[in-house]
Amino acid sequence: MEPTKYKQYGHFKSKVLAVAQKEINNKTDIYFEFVEIKTGRKVTSIEFIITSSSALNGTSSSKETET
């Protein structure tokens with residue numbers, strides 16, 4: 001079975017990224033945000049900022065970039 005493909009980034013963002021962000025932030029001790037990196041008007045990369053709940057007080061954070 002072939003995985004689902006999204007023709008538009010906006011659909012991927014609303015159906016995958018936003019849902020995952022909401023569930024992870026609410027149900028785990030991990031907090032994450034994402035930043036869209038654009039070339040012109042096109043999103044070419046997404047930067048994920050992942051932090052543990054204990055680190056929300058400013059102790060540490062981890063950044064990971066996915067192209």
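Buried means under 20% relative accessible area, exposed means over 50%, and partly exposed is what lies in between. Keep those words in mind for the close-up views below, which are all taken from a predicted model.

**View 1. Three isoleucines share a nonpolar patch on the surface.** Look for Ile-24, Ile-30 and Ile-50, which together make a nonpolar surface patch of about 190 Å². Let us pick out Ile-30, which sits in strand E1, the run of residues 30-39. Is Ile-30 buried, exposed or partly exposed? Its relative accessible area is 35%, and this value falls between the 20% and 50% limits, so Ile-30 counts as partly exposed.

**View 2. Two phenylalanine rings meet between strands E1 and E2.** The structure holds 3 aromatic pairs, and here we visit the one made by Phe-32 and Phe-48. The centres of these two rings are 6.0 Å apart and their planes are at 50°, so the pair is called tilted. Phe-32 belongs to strand E1 and Phe-48 to strand E2 (residues 42-52), so the pair ties together parts that lie 16 residues apart in sequence. Where would you find these two on the scale we began with, buried or exposed? Both Phe-32 and Phe-48 are buried.

**View 3. Three aromatic residues gather in a cluster.** Here you can find Tyr-6, Tyr-9 and Phe-12, which form one aromatic cluster.

**View 4. A salt bridge joins a helix to a strand.** Side chains of opposite charge can pair when their charged atoms come close. How many salt bridges does the count give? The count comes to 1 salt bridge, and its partners are Lys-13 and Glu-36, whose closest N and O atoms are 3.1 Å apart. This pair links distant parts of the chain, with Lys-13 in helix H1 (residues 9-27) and Glu-36 in strand E1, 23 residues apart. Lys-13 has 33% relative accessibility, so Lys-13 counts as partly exposed. Glu-36 has a relative accessible area of 25%, so Glu-36 is partly exposed too.

**View 5. Lys-22 is an exposed residue of helix H1.** Follow helix H1 until you reach Lys-22. What is the relative accessibility of Lys-22? The value is 57%, and because exposed means over 50%, Lys-22 counts as exposed. For a sense of scale, compare the position of Glu-33: the C-alpha atoms of Lys-22 and Glu-33 are separated by 9.9 Å, and these residues are 11 apart along the chain.

Key
Residues numbered from 1 in each chain as written. Predicted model: local features only at pLDDT ≥ 70, side-chain atom pairs only at ≥ 80, totals over all residues. Heavy atoms only, no water. Patch = residues over 30% accessible without salt bridge, like charges linked within 9 Å, V, L, I, M, F, W, Y side chains within 5 Å. Areas by Shrake-Rupley, 256 points an atom, 1.4 Å probe, with all protein chains shown as cover. Salt bridge = Lys/Arg side-chain N within 4 Å of Asp/Glu carboxyl O. Helix = DSSP H or I, 4+ residues; strand = E, 2+ residues; numbered from the N terminus. Buried < 20%, exposed > 50% of the residue type's maximum accessible area, 1.4 Å probe, protein only. Phe/Tyr/Trp six-rings, centres within 6.5 Å; stacked < 30°, edge-to-face > 60°.
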